[in-house]
Amino acid sequence: MAELKLLKREYEQQQQQQQWRAASPAVPSELDKEQQQQGEESDDVICLDDSDSEPADEQQQQQYGVQQAASKARDNEYEGDELKTIEGAAESEASVAVDAAAAAIGALEIFWTGPRSNWTPSPQEWQRYEAAMGAGIDDEVLASHQRACIDLTREVLQCMREAEWLNDEVMNFYVALMQDRDTAMRGRKGALRCHFFSTFFAKSLIKNGYKSVQRWTRLAKLNQAGQVSDNVLHLDRIIMPIHEGIHWTAAMIDLKHKRFVFFDSLMGTNRQAIAALKRWVVDEAKDKLNETWDTSDWPEFYPKDIPKQRNGCDCGVFSLLFCNRLGLGRSFDFIQDDLLVNARVKVTCELLDKRLKVSQ
């Protein structure tokens with residue numbers, strides 16, 4: 001339809017030009033201009049510059065003006081029709097894309113943000129938190145995870161104070177606790193089977209490629225990480241916090257639904273990380289299963305309907321709680337206000353207990 005209108009418009013413009021030439025003095029050709037420059041000039045020739053030409057005669061000027069107005073009106077009409085057609089097609093494509101995205105997100109079996117939970121610490125939790133944050137010997141070990149080989153000293157735990165950035169020790173201690181909980185939940189009806197990588201996995205993969213993390217998923221390493229499955233590609237989800245220099249985010253490889261999801265409390269994206277994870281799945285399938293997988297058509301999601309961070313220090317807590325809820329298959333039940341202090345108190349108590357609630 002657009003091509004037909006374009007041809008019709010060109011034809012009418014040609015007709016208009018023919019009418020104009022019949023009513024206007026002759027316009028010199030390039031050859032005429034050369035002859036004029038060589039001295040073969042004539043006083044009867046009207047020389048035109050590069051600007052739009054207008055006839056000298058008043059009647060011709062009026063006729064020219066009417067023709068230009070009519071042409072402009074027709075152009076606007078055609079362009080309007082074409083624009084409507086293009087906009088209509090774009091709206092249709094956008095609608096299909098939105099529907100597809102909504103369906104895909106729905107297939108994850110959770111809504112990203114759900115009802116807000118009560119994050120108010122109990123008096124006992126406050127007491128334990130204040131004791132851990134209080135004065136004492138810096139290198140005193142307050143919690144130790146034997147399998148993960150991580151000790152949390154009083155000094156290390158000070159990052160759980162309000163407005164402090166979380167460190168790798170705390171992040172990875174919590175990752176180990178999430179894997180412990182996953183193991184305890186295996187066999188329960190509806191429980192997801194997950195693997196949680198430490199903060200160093202994505203960092204090494206992005207920087208150095210597959211070879212640098214190839215051993216992470218060998219059977220001995222999986223046992224050491226607390227994983228009871230012999231191959232992570234047979235699980236439902238692979239979840240990990242990601243450190244972006246001065247910012248914590250989280251990523252999930254949803255093997256069950258064949259998609260990649262990136263969670264950033266500041267609403268950012270990290271396509272480099274997702275691209276690296278896509279390649280890792282292919283390489284892992286080839287190395288551990290001797291199978292050829294293609295993740296090029298696995299969609300990427302960067303959801304924005306998630307809890308939003310409104311400061312520059314709580315990204316680590318956001319990242320841990322994203323991973324926590326994803327491992328449970330639950331929606332995110334917190335907001336920024338919960339993470340200022342209350343969630344830090346509860347997470348600290350979980351670290352001290354070396355245990356996450358299975359049913360929380």
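Biologist: Where is the place of His-257?

Modeller: This is a predicted model. Two strands frame the answer: S5 covers residues 248–254 and S6 covers residues 259–263. The place of His-257 is in the loop between S5 and S6.

Biologist: Is His-257 buried or exposed?

Modeller: The cut-off for buried is under 20% relative accessible area. His-257 has a relative accessible area of 19%, so the residue counts as buried.

Biologist: Which side chain does a polar contact join to that of His-257?

Modeller: The contact is between two side chains, at 3.0 Å. One belongs to His-257, and the partner is Asp-254.

Biologist: How do S5 and S6 run, and how many bridges join them?

Modeller: The two strands run antiparallel. One pairing puts Met-252 opposite Val-261 in S6. The number of bridges joining S5 to S6 is five.

Biologist: What is the order of the strands in the open sheet?

Modeller: Five strands form this sheet, and the pairing is mixed. Their order is S3-S4-S5-S6-S7.

Biologist: Which strands stand at the edges?

Modeller: An edge strand has a single partner strand, so one side of it is left without a neighbour in the sheet. That is the case for residues 194–196 and for residues 300–301. The edge strands are S3 and S7.

Biologist: Which helix lies across S3, S4 and S5?

Modeller: Strand S4 here is 237–243. The helix covers residues 168–185 and runs at about 160° to S3. The helix is H6.

Biologist: Which helix lies across S4, S5, S6 and S7?

Modeller: This helix spans residues 271–289. Its direction is at about 150° to S6. The helix is H9.

Biologist: What is the angle between H6 and H10, and how far apart are their axes?

Modeller: H10 covers residues 315–328. The angle is about 10°, which makes H6 roughly parallel to H10. From H6, the contact uses Met-171, Tyr-174, Met-178, Arg-181 and Met-185. The axes are 11 Å apart.

Biologist: How do the residues of the contact of H6 with H10 divide?

Modeller: The H10 side includes Leu-320, Leu-321, Cys-323 and Leu-328. Gly-316, Ser-319, Asn-324 and Gly-327 are also among the H10 residues. The division is eight nonpolar, four polar and one charged.

Biologist: At roughly what angle do H4 and H12 cross?

Modeller: H4 is residues 123–133 and H12 is residues 342–353. Their axes come within 9 Å. H4 is roughly perpendicular to H12. The crossing angle is roughly 80°.

Biologist: How many charged residues are in the contact of H4 with H12?

Modeller: On H4, the contact includes Glu-125 and Arg-128. On H12, Arg-344, Lys-346 and Asp-353 are among the residues. Seven nonpolar and two polar residues also take part. The charged count is five.

Biologist: Which residue in the turn between S1 and S2 has a positive phi?

Modeller: S1 (residues 141–145) and S2 (residues 150–153) pair in the antiparallel sense over four bridges. Ala-143 has Leu-152 as its bridge partner, and His-145 has Ile-150. The two strands form a hairpin with four residues between them. At about 60°, the positive phi belongs to Cys-149.

Biologist: What share of the 360 residues in the protein chain is buried?

Modeller: The chain has 12 helices and seven strands. Among contacts between residues at least 6 apart in sequence, 67% join residues at least 24 apart. The buried share is 42%.

Terms used:
Residues are numbered from 1 along each chain as its sequence is written. This is a predicted model: local features need pLDDT of at least 70, side-chain atom pairs count only at pLDDT 80 or more; totals for chains, interfaces and linings use all residues. Side-chain values use heavy atoms; hydrogens and water are left out. Two strands pair if DSSP finds at least two bridges between them. Contact means heavy atoms within 4.5 Å. Axes are lines fitted to C-alpha atoms, for helices over the stretch in contact, and angles run from 0 to 180 degrees between N-to-C directions. Angles under 35 degrees count as roughly parallel, over 145 as roughly antiparallel, 65 to 115 as roughly perpendicular and the rest as oblique. Ala, Val, Leu, Ile, Met, Phe, Trp, Tyr, Cys and Pro count as nonpolar, Asp, Glu, Lys and Arg as charged, and the others, Gly among them, as polar. Buried means under 20% relative accessible area, exposed over 50%, partly exposed in between (1.4 Å probe, protein chains only). A polar contact is a pair of N or O atoms within 3.5 Å; within protein, one must be able to donate a hydrogen and the other to accept it, and residues adjacent in sequence count only if both atoms are side-chain atoms.
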